[in-house]
Amino acid sequence: MSKREAFFESVCKENVDVFLKFTKLHNDATEPFDLDEVVQEVSKKQREALWDRLATLLRGTMADFPPDRWNAEDRDDAMEVEVPPDLEHTMEVLGGVTQVVMASVAVIQDGDAYNSLLQCATILNGLLASLPASEVPLQQAVFRVCEAWWKKGLLGKEELGRTAFLMCLEKSFMLKKPGAEIQRMWGLHEVLLSVDFQSEDSEEMMDLLLRCFLSGNHIKHDDGKRLMVFLFGRNVSFIRMIHGTIKNQLQFFTKTLTDHIAEIYFRAWKKASGEALEEMETACIQDFMQHAILLHRNTPVHPRVRQILSYFHKRKGHHNLDEMLHRLYKPILWRALTAANSEVRANATLLFTEAFPVHDPSQSSEKMDETVQKQLDALVCLLEDPQPMVRSTATLGVCKILAKCWEVIPPTVITDFLKKLVVELASDCSSPDVRCSVFKCLPIVLDNSLSHPLLEQLLPVLKYGLHDSSEKVRVAFLDMLLKIKAVRAAKFWKVCSMEHLLARLAVDSQPISKRIVDLLFNSFFPVNQSEEVWCERCVTLIQMNPKAARKFYQYAHLYTAPTNIAKLMLTIRRCLNACIQNTGELNESRSSNKENASVLEDVLSVSDTASMASLLEVVVILWRSIRKALEHNKDALQYTVSKFGAVIPKYFNIFQEERCTVPLILLASLLPPASVPTFSVGVLSRLRNMEPGVQQSQYSQVIDCLCSWGQASDSLELITHWLTEALPRTASKGNASRKVRITEPVEAKPDLGLDYLEYLVGRAATRDSILPLVQGPLKQLHKALGAWRSVLYSHLCSPESEASVPSAETALRAFTLHGRLSVHLQHAVSEGRDHLASLENMAAWVAERVLPFLVRPGEAGSAEGQLELARRVVESFLTVCRDMIRVGLGDEEFKGHLLHLCSLVLLSEKGYRCVPLLVSVLTEVAENYVPQDAPGQEEQEVGQHDGQSPVILGVVANVFQKVLEVLARRMRKEPEEGQELCLAALPSLGAFLQVVTAWGVGTSNPLSGVFSTISAAVIVESRHMLQKISHAQEVTRPESVDDLPPLSSTLLTVILKSPPVTRAFLSEVKSSVESEAIDCLTGLAAVLNILAVIRQEGKARGETKATAVSVQLQLQKHSSVTAEEEGHAQRVIYESAIKSVNEFLMV
């Protein structure tokens, strides 16, 4: 018996094991047995007999082990590793049957009776839902059978095709790259023709199909787009479902994805007909039109809706598209253009101008001309709209229309439009947005070359746009000039003169300056011409506007190569040398004279100090702009240094005016000190010989020079020497052995030294030069500054110090700089806390030596000058500490010392004068512990300060309580002084409460006691006023914050500025009322007075009403007061409170 006959005999229940062996042989690539060949080679009768036997085998297998037992086996053996034998055997039989069915489908011919094969395919299709999850290969085999059956077009293909399509659809959502599955879906898309979209059985498929419209993979794929376009025309009700799905997710689509969605809508509209076309137009396209008009512009959906409509507008001229847009816009667009809401008018203007002209091509020429003229008239009205937003939008639309339709619009109409824009709207004084819109949109018109002749005549009217008060208008104006230059529409200097451009370049901001440099670059730096021409243009620019010249060359490196910048520097050097030669001051060889000859010799001379100084400034500016490039090109750097190093000494001899000296020093700082030995030796002497009170501009370049050469230590040693020598001898004894490189005795100049130090510490570049010297000169300087505390203390002890003692102002500056330098040193030295300890030592000194002088003048022999000096010392130190905490340098121990000092300041008699600064310190300390918004960040922040943060924040709350107590005390003793103090503290109080609120409301807030303190202070003060009432006529309800007691007025002014702070305050008040911490009648009345003020301000209405409800419940306990005689103060307070509560609850 042949294998073929043996295989046929095995297809039965009795020989099922043999059948399974044959299927395994088929799957074995090394075996010659092939089911496909076997099925192809047999006769029609044999095939039909095989299919009958196959159907019998499949039915028998299902009867022996039905599907309802498969899941039971799975559940029973869920923890077993092995699959039950019966289930495994059944799956093998199903796999074999599926293979035979698949091989048979391909050979079915016309006239074959394949009912048995159809039964097999139907059974397998029905078993798909019951197959175990592990049988993925079998599921895929059944899917291929269903797909092949559909493509063959056999009987029963509808159900099998639907299964194939559904499985393919599900799989496309599971894969990261579903391109192949989407392509297969499109191959099966005709399956959907047999799907009843009104049936409940199709809901699963409909849900999956709608998911396609949310999947980027499906939307971007070409076959995915074809499928979606097909779905739009499949069912009228399904169109609405698709459109609703897209609208719901449109705000989350990217611009690219929205473009694909717009393409799908457009293609679906082109392909639709009958009811589907009508539904597409009214339910989808017109719906988008209405949303584009009615939605707020700041919603995320609006730009996406406009993008979809723009896709249609850009394809105007397509068959039937103009007619469709005209028909759909007609009932909504023209009404929206005249709507009362300005944003609706602006949105409608965008659509109208983008779709212009909105007309029906089937109209007659006369009718069409009339329609277009009406629309042009409408544009004129929009340009004159009272709302700036509409005028700006109309300006954009008109410019787009002119650029697109210039050839077909009458010349008179074009001229009228442009005059309207250029003459009226460009100078619209009511709105910078409108003016900006004109300058931004005119470049759109310039894209049409036909507009250039007319615009060349009109644009000069716009010249004053360069001096507009709004920066964005000036930016737009210059962008327009750049566009004019790029398209060669006109000469830009005829639109705006060179003098105006240079004047604006000299004074304006970076965005403006860069654009002007870009505009003028070819005029003053023509890279295609010789270097001598560059220098000539440079001199011309300097003579026209020196300040503009400096700005021009500051940004010139952005528009040319560093090589050209270096060439210009060397050309300017040759020009300067030539000028010196002409005066007979420089004797060089004939060849050098010839080399340096220039046409500028007749224009420039050494006596022209302004020009010489400006040229030197330009060289410095150019060198700085390419400094990094030169450092990467050692040869170019060495050449440039040698050339300038050879002439710098002579320049110092020739150009001795201060205007020239400054750029020369800066130029020398760019060279190595060895290149300018004569100058470098005398730099320190320049600093030493300056007089106190000299302007910063006179010593800043010298200090920069030293820092640039790496000689900052010399300046530190000079400062240290002056500070040490200026101290009284007893104070400077410890520094007697200090060695400073001073060659001759000089007068100590501590004030000038402090000026130098402030400059060194105050700028990042110089500060970075001195901080590495922490173990050398900087350490000695820090020690010398610390010694000045003795001078400060002597002034505190005696208001009239000896003449030999430096002034208190100098000592205070040294004290402050000592603290600032400690902060910088702590930042520079990341390890250890030596400099924090120094600051803590200063805090202890302030507490011990300074605070005793914060007393009333006359007490303990204290004078007003001593009090003022003590206050300034305390405030200067607290300012340094506050700034240190702000930049995150203080640790927990330091914060503890600082808060202790704050407490001591408040306890001193006149410490209240420092309250605004103290609250600012509390703000910075508390802000260090505020949890961030990032997920998990709060736990991290708390973890970092795990042990100390509750303690520190608790101290902050306590110190703040003392602050309020001090303010309340001053209000009682000195109302005017207290009021001034409260006003000074308003900004810092507001910042502190913002930080407290950042923690949130509740027991987890370690600063929750702050709002308890504030609410108690406000309520107690208001209650105290109510308790003093003795007559009914005195019972009044405050109408504003000013009607409250002084401290309450100040605190509520701060609270009401921030909605979150207001809500937190009301939450605390409500909690106090509900906990019965406030239960007396006057206390509840005080709460209602506060609520009345908050309600009058229109703040936190919900929280205000909730607090009023809590007060009402507590007021019921005091109803017995109504038994008092009429006119009694307590009864009047109660009745007024009940009236207030009722008013709150009725709102």
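**Exercise 1.** Which residues does Ile1014 touch, not counting residues up to four places away in sequence? Place Ile1014 in the nonpolar interior of this predicted model.

*Solution.*
Step 1. Setting aside residues up to four places away in sequence, Ile1014 touches Phe960, Leu964, Leu993, Leu1051, Ile1055 and Phe1065.
Step 2. The largest nonpolar core has 395 residues, and Ile1014 is among those with the most contacts inside it, together with Phe7, Phe232, Leu481 and Tyr553.
Step 3. Helix α52, residues 949-973, supplies the largest share of this core, namely 12 residues.
Step 4. As background, nonpolar side chains in soluble globular proteins tend to be buried together.

**Exercise 2.** Describe the overall build of the protein chain from its secondary structure, radius of gyration and dimensions.

*Solution.*
Step 1. The protein chain has 59 helices and zero strands.
Step 2. Its radius of gyration is 44 Å, whereas a compact globule of 1147 residues would have one near 32 Å.
Step 3. The C-alpha trace spans about 130 × 110 × 80 Å along the principal axes.
Step 4. Of the contacts with a separation of 6 or more, 71% are between residues 24 or more positions apart.

**Exercise 3.** Characterise the surface and the charges of the protein chain.

*Solution.*
Step 1. Of the 1147 residues, 52% are buried.
Step 2. The exposed area is about 52,700 Å², and carbon and sulfur atoms supply 50% of this area.
Step 3. There are 121 positive and 140 negative charges, and their mean positions are 6 Å apart.

**Exercise 4.** Where does a cis peptide bond occur, and in which element is its proline placed?

*Solution.*
Step 1. The cis bond joins Phe356 and Pro357, with omega about -10°.
Step 2. Pro357 sits in the loop between α20 (342-355) and α21 (365-383).
Step 3. For reference, most peptide bonds are trans.

**Exercise 5.** Arg488 and Glu1076 each have a positive phi without being glycine. Work out the setting of each residue and assign its exposure class.

*Solution.*
Step 1. Phi is near 55° at Arg488 and about 65° at Glu1076.
Step 2. Most residues other than glycine have a negative phi.
Step 3. Arg488 is in the loop between α26 (471-487) and α27 (492-495).
Step 4. Glu1076 is in the loop between α56 (1059-1074) and α57 (1081-1096).
Step 5. The class "exposed" requires a relative accessible area over 50%. Arg488 has 74%, so Arg488 is exposed.
Step 6. Glu1076 has 40% relative accessibility and therefore counts as partly exposed.

**Exercise 6.** Is Val475 buried or exposed? Identify its helix and its contacts, then find its distance from Leu442.

*Solution.*
Step 1. Val475 belongs to helix α26.
Step 2. A residue counts as buried under 20% relative accessible area. Val475 has 15%, so Val475 is buried.
Step 3. Beyond residues up to four places away in sequence, Val475 touches Pro511, Ile512 and Arg515.
Step 4. Val475 is 33 residues from Leu442 in sequence, and the C-alpha to C-alpha separation is 14 Å.

**Exercise 7.** Treat Leu58 and Ser838 by the steps used for Val475.

*Solution.*
Step 1. Leu58 lies in helix α4 (residues 44-64), and Ser838 in helix α47 (residues 834-850).
Step 2. Leu58 has 0% relative accessibility and so counts as buried. Ser838, at 16%, also counts as buried.
Step 3. Apart from neighbours within four places in sequence, Leu58 is in contact with Leu94, Val97, Cys120, Ile123 and Leu124.
Step 4. With residues up to four places away left out, Ser838 touches His782, His818 and Ser822.
Step 5. Leu58 and Tyr756 are 698 residues apart in sequence, and 100 Å separates them in space, C-alpha to C-alpha.

**Exercise 8.** Which helix holds Glu278, and what is its exposure class? Add its distance from Gly126.

*Solution.*
Step 1. Glu278 is part of helix α16 (residues 274-294).
Step 2. The relative accessible area of Glu278 is 52%, so Glu278 is exposed.
Step 3. Glu278 and Gly126 are 152 residues apart along the chain, with 39 Å between their C-alpha atoms.

Methods. Residues numbered from 1 in each chain as written. Predicted model: local features only at pLDDT ≥ 70, side-chain atom pairs only at ≥ 80, totals over all residues. Heavy atoms only, no water. Helix = DSSP H or I, 4+ residues; strand = E, 2+ residues; numbered from the N terminus. Rg over C-alpha atoms; globule rule 2.2 N^0.38 Å. Buried < 20%, exposed > 50% of the residue type's maximum accessible area, 1.4 Å probe, protein only. Contact = heavy atoms within 4.5 Å. Areas by Shrake-Rupley, 256 points an atom, 1.4 Å probe, with all protein chains shown as cover. Lys, Arg positive; Asp, Glu negative; His and termini not counted. Charge placed at Lys NZ, Arg CZ, Asp CG, Glu CD. Core = buried A, V, L, I, M, F, W, Y, C linked by side-chain atoms within 4.5 Å.
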